[in-house]
Every structure is written in structure tokens, then in C-alpha cells.
Amino acid sequence: MEISAKEQLVYDVLNGLEIEYKLFRHEAVFTVEAAADLDRRIGVKICKNLFLSSRHNTEFFLLTMPGDKKFNTGKVSKYLGVPRMTFADASNMEEFLNVTPGSVTPLGLINDKYGKVRFLIDREVLEMEKISVHPCVNTATVLINTKDLLEKVLPHCGHDYTVVEF
């Protein structure tokens with residue numbers, strides 16, 4: 001199977017940072033529901049990753065939260081003090097994270113060279129030892145330690161994170 005350049009970049013970064021990961025190849029998945037079987041096989045609680053923006057596309061956010069938790073735009077907007085938050089469009093997704101719909105992942109922050117995207121992580125995800133995320137494509141999933149994401153990957157790409165609770 002041929003690996004795209006954006007996927008290979010993720011593996012190069014993980015390997016360069018000496019992060020252990022387990023790779024799973026699968027059919028393309030576009031929703032949390034479609035990934036349920038895969039996550040049972042991997043053995044971790046599924047997370048959803050949402051790419052959001054302010055109403056006027058001046059601020060961008062990547063939110064990682066438990067897959068079974070209901071997302072409420074109003075609550076997140078109020079929590080962050082950002083009026084009228086909405087889902088960002090595919091062109092911004094590609095421009096900032098180099099991902100397409102269905103492939104949103106915190107590993108996409110590797111591609112956010114100018115720090116335009118603010119990473120938000122739900123408190124419940126912080127309590128997970130491991131997290132499964134796409135390597136910028138939705139035909140593969142990598143299982144990594146949550147601590148490695150926060151303490152190695154994010155600093156490597158110049159990002160911090162904001163813990164959210166709602």
C-alpha cells in the first residue's frame with residue numbers, strides 16, 4: 001500500500017520523537033459510529049476530533065473529546081468566550097492541518113506551522129492512558145500514549161493545549 005506524504009510525515013515525526021505507536025490499517029471511516037468496531041478491536045475509548053472556527057473564521061480550534069459525549073457548540077463557545085462558534089470548512093481544514101473531512105486529528109497540528117489552530121482537549125481525554133488518532137488520513141489509526149501526544153508531539157510542533165470541561 002502506498003503511503004501519502006502527509007501520512008509519512010506523521011510517522012517520521014513519531015519515530016523522530018521516539019514515540020511508540022501501534023498502527024492499524026482499515027477501510028476509510030468518516031464518523032465516530034463507523035469507527036466503533038475498530039476501536040473495540042484496538043481496545044480504547046473512541047474520541048472525536050472536531051475542527052471549529054469563530055463565526056468570521058478569525059479563530060480556529062481543534063477539539064478532542066470522548067466520542068460518546070454530546071457536543072454542544074453553545075456550551076463550548078461560552079466556555080471559551082468565543083461568540084458563535086461553528087464547524088470550520090474543509091478548505092481551512094486542509095490549509096491549516098492538511099487533512100480532509102473524516103481525517104481530523106491532533107496529529108494534524110504537525111502541519112500548523114503558523115500556530116493558527118488552538119488545541120482543546122476535554123478533561124476526560126486527559127484521564128485516558130492511550131488515545132487512538134488518525135495519522136492525517138482516515139484509512140489508518142495509530143494508538144499512542146496520551147502523555148506522548150501532550151508532552152512530545154505538541155511541543156515539537158509549537159502547540160500548547162487548553163483543557164475544556166463542559
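**A tour of helix 1 and the largest pocket**

Begin by selecting E7, V10, Y11, V13 and L14, which are the buried residues of helix 1 in this predicted model. If you turn the view until you look down the axis of helix 1, these buried residues fall within an arc of 160 degrees, so they line one face of the helix. A general rule helps here: an α-helix has 3.6 residues a turn, so residues three or four places apart point the same way.

Next, select the whole of helix 1, residues 5-16, whose 12 residues reach 16 Å from the first C-alpha to the last, close to the 16 Å expected at 1.5 Å a residue. On the face turned away from the buried side of helix 1, look for A5 and G16, which are exposed. To see what covers the buried residues, add strand 1 (22-25), strand 7 (140-145) and helix 6 (146-156), which are among the elements lying over them. Then step past the end of helix 1 to E18, a residue that follows the helix and has a positive phi, near 55 degrees.

Now move to the largest pocket, which holds about 430 Å³ of space. Select F30, T31, V32, K48 and N49, since of the 22 residues that line the largest pocket these lie nearest its centre. Which elements should you colour around the pocket, as each supplies at least two residues of its lining? They are helix 2 (36-42), strand 2 (47-53) and strand 6 (130-133), and strand 2 gives the most, with four residues. Finally, colour the lining of the largest pocket by class, and you will find 12 nonpolar, seven polar and three charged residues.

Note on methods. Residues are numbered from 1 along each chain as its sequence is written. This is a predicted model: local features need pLDDT of at least 70, side-chain atom pairs count only at pLDDT 80 or more; totals for chains, interfaces and linings use all residues. Side-chain values use heavy atoms; hydrogens and water are left out. On a 1 Å grid over the protein atoms alone, a cavity is a set of points where a 1.4 Å probe fits but cannot get out, and a pocket is an open set with protein on both sides within 12 Å along at least five of seven lines; lining residues have an atom within 4 Å of a point. Grid points are joined across faces, edges and corners, and a volume is the space filled by probe spheres set on the points. Ala, Val, Leu, Ile, Met, Phe, Trp, Tyr, Cys and Pro count as nonpolar, Asp, Glu, Lys and Arg as charged, and the others, Gly among them, as polar. The expected span of a helix is 1.5 Å times one less than its number of residues. Buried means under 20% relative accessible area, exposed over 50%, partly exposed in between (1.4 Å probe, protein chains only). The arc is that of the directions from the helix axis to the C-beta atoms. Contact means heavy atoms within 4.5 Å.
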